[in-house]
Amino acid sequence: MPPDLTVIVLAAGGGTRMRSKTMKVLHPVGGRSMVGHVLAAVRATEPRRVVAVVGHQREQVGAHIQALEPDALLAVQETQQGTGHAVRVAMDALVDADGPDRTAAGTVLVAYGDTPLLQGESLRAFVAEHEAAQRAVSILSGVLSDPFGYGRVVRDDDGDVLAIVEEKDASPVQREIAEINSGILAFDAGFLLEALPRLGNDNAKGEYYLTDTVGLARDAGLTVGAHAIDDVMQTEGANDRVQLAELGRELNRRVVVRWMQQGVSVMDPATTWIDADVVLAPDVTLLPGVQLLGACVVGEDAVIGPDTTLKDCEVGEGARVVRAHGELAVIDAGASVGPFAYLRPGTRLGARGKIGAFVETKNSTIGEGAKVPHLTYVGDADIGEGSNIGAGSVFANYDGVAKHRTRIGRHVKTGSSNTFVAPVDVGDGAGTGAGAVVRRDVPPGALAVSSGPQRNLVGWALRRRPDTDQAAAAREALAQSSAAETAPGDDGPDHPPTAAHH
């Protein structure tokens, strides 16, 4: 890439057709904002400068862009008067920042903030051809079977580019042209600085069109060319939510295909969603209904799904996650999760550990080989290596004012239906009885029990529920039991053994 490449990203439009309080370029698709995808592609060109033109909700948009690209220069377009006006605002900001001589050097690439399929390799090829041909203006073009709505690339009989004509200004003959202007342009920086003040707005929309620079370059006898991109969809923008969903589906299809080509098994691509920043190792298997969102990382031989959503999670080699939901959680190698488990932020499951059916965890560490198999809530806890938590247990971490932690030591075996009232510490090798409410620390090796001896109130149902099905069933069972005790038999209590039996 040229050392003096400047990239201008246009992100000032309001996007009213989105019908949203969120600016158009900030709408998410594939785990990033639309402008986030564009900035990732721009980064691949290794530019000296990135200038983002902002307008509507500039505080929100500008902060987002600078969070992704801290060195980006922001240029404010107070009123939206067309692409030519937006680029002039950007070049004025560059002159103020770098001086006219530095700004006039090298190449300027203009891109749009609402084209999430754009790839860095395509921009690199476009800029390289522009530089090699030493053009004043280069157009990233493409051929469409239905070019309606796009500016047309008008060529002469020799194939040289004469102009770009917008749809509303095109003649019937020009509207038949299939080659379209994507809107992405490359310029000799010195020519662009000289040409921008000469743009007029005598057109159907009364705007300053950046594409009019083509005519200015031709009039000056300078070289203008077009670089046709085979994958025109990379340049597609989204103006409403319908178009955004279509681009999102296409982006996901491309991401899924790329991972399959790199050795990931995807059982049902149509129901599998993988965000752009997800990292998958070879021999990962994704079953139907999987969503991997954010910055998930999945290790070799792991199996995810079916029907699983993970966001910003790490999954180790050979782990298995089935019908589960997780966010900001770590699942180490060989561990298993689910079905119907909910891993909230701060969960860490150790190697070969288990979080089983209908278990919810939050801000907790479950050690190597430890198991929480069934129907349990684990919040703000540390569970040691090899421990087993009984079914139906609750880690009561909140006292109404503050959260407290529970520590379960190594190789602890807890009974079913326990409640651990934090803060509490259960020592290594200890145990708890079924139904225990553990309010005090348990020493290592001790057994904690909290329930008293069982009492049976005989005849309670007959006395307190005499006219219910419960009482009728009890009455019938008692009658059957009484009859069985008194029935005659060969060896019954009323018939002593005979001599024959001896």
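## Close-up views of a predicted model

**View 1. A network of salt bridges links five residues.** In this predicted model, the residues D4, R48, R49, D98 and R102 are connected to one another in a network of salt bridges. The structure as a whole holds 28 salt bridges, and further examples appear in the views on salt bridges below.

**View 2. Strand β1 is covered on both of its faces.** Strand β1 spans residues 5-11, and seven of its seven residues are buried. In a regular strand, the side chains alternate between the two faces of the sheet. Here L5, V7, V9 and A11 lie on one side, while T6, I8 and L10 lie on the other, and all of these residues are buried. Strands of a sheet pair through backbone hydrogen bonds, and this pairing may be parallel or antiparallel. Strand β1 pairs in the parallel sense with β6 (residues 107-112) over six bridges, and six bridges also join β1 to β4 (residues 49-54), again with the two strands running parallel. The residue V7 can serve as a landmark, since V7 stands opposite L109 in β6 and has V50 as its bridge partner in β4.

**View 3. A111 is a buried residue of strand β6.** A111 is found in strand β6, and it counts as buried because its relative accessibility is 0%, where the cut-off for buried is under 20%. Apart from its neighbours within four places in sequence, A111 is in contact with I8, V9, L10, V38 and I184. One of these partners, V38, is itself among the buried residues of helix α1, as are M34, V35, G36, H37, L39, A41 and V42. Helix α1 (residues 34-43) is largely enclosed by the rest of the structure, because eight of its 10 residues are buried. By contrast, A111 and D399 are 54 Å apart in space, C-alpha to C-alpha, and 288 residues apart in sequence.

**View 4. Q77 is a buried loop residue with a polar contact.** Q77 lies in the loop between β5 (73-76) and α3 (83-98), and with a relative accessible area of 3% it is buried. The side chains of Q77 and H85 are joined by a polar contact of 2.9 Å. When residues up to four places away in sequence are not counted, Q77 touches A12, V53, V54, G55, G82, H85, A86 and V89.

**View 5. A salt bridge joins D114 and K24.** The side chains of these two residues meet at 3.0 Å, N to O. D114 lies in the loop between β6 and α5 (120-133), and K24 lies in the loop between β1 and β2 (28-29), so the pair ties together parts that are 90 residues apart in sequence. Both D114 and K24 are buried.

**View 6. Two further salt bridges involve E179 with R155 and R175 with E167.** The side chains of E179 and R155 meet in a salt bridge of 2.8 Å, N to O. Because E179 lies in strand β10 (residues 179-188) and R155 in strand β8 (residues 152-155), this pair ties together parts that are 24 residues apart in sequence. E179 counts as buried at 13% relative accessibility, whereas R155 counts as partly exposed at 35%. In the other salt bridge, the side chains of R175 and E167 meet at 3.9 Å, N to O. R175 is partly exposed, with a relative accessible area of 36%, while E167 counts as buried at 12%.

Technical notes
Residues are numbered from 1 along each chain as its sequence is written. This is a predicted model: local features need pLDDT of at least 70, side-chain atom pairs count only at pLDDT 80 or more; totals for chains, interfaces and linings use all residues. Side-chain values use heavy atoms; hydrogens and water are left out. Buried means under 20% relative accessible area, exposed over 50%, partly exposed in between (1.4 Å probe, protein chains only). Helices (H or I, at least four residues) and strands (E, at least two) are DSSP runs, numbered from the N terminus. Two strands pair if DSSP finds at least two bridges between them. Contact means heavy atoms within 4.5 Å. A polar contact is a pair of N or O atoms within 3.5 Å; within protein, one must be able to donate a hydrogen and the other to accept it, and residues adjacent in sequence count only if both atoms are side-chain atoms. A salt bridge is a side-chain nitrogen of Lys or Arg within 4 Å of a carboxyl oxygen of Asp or Glu.
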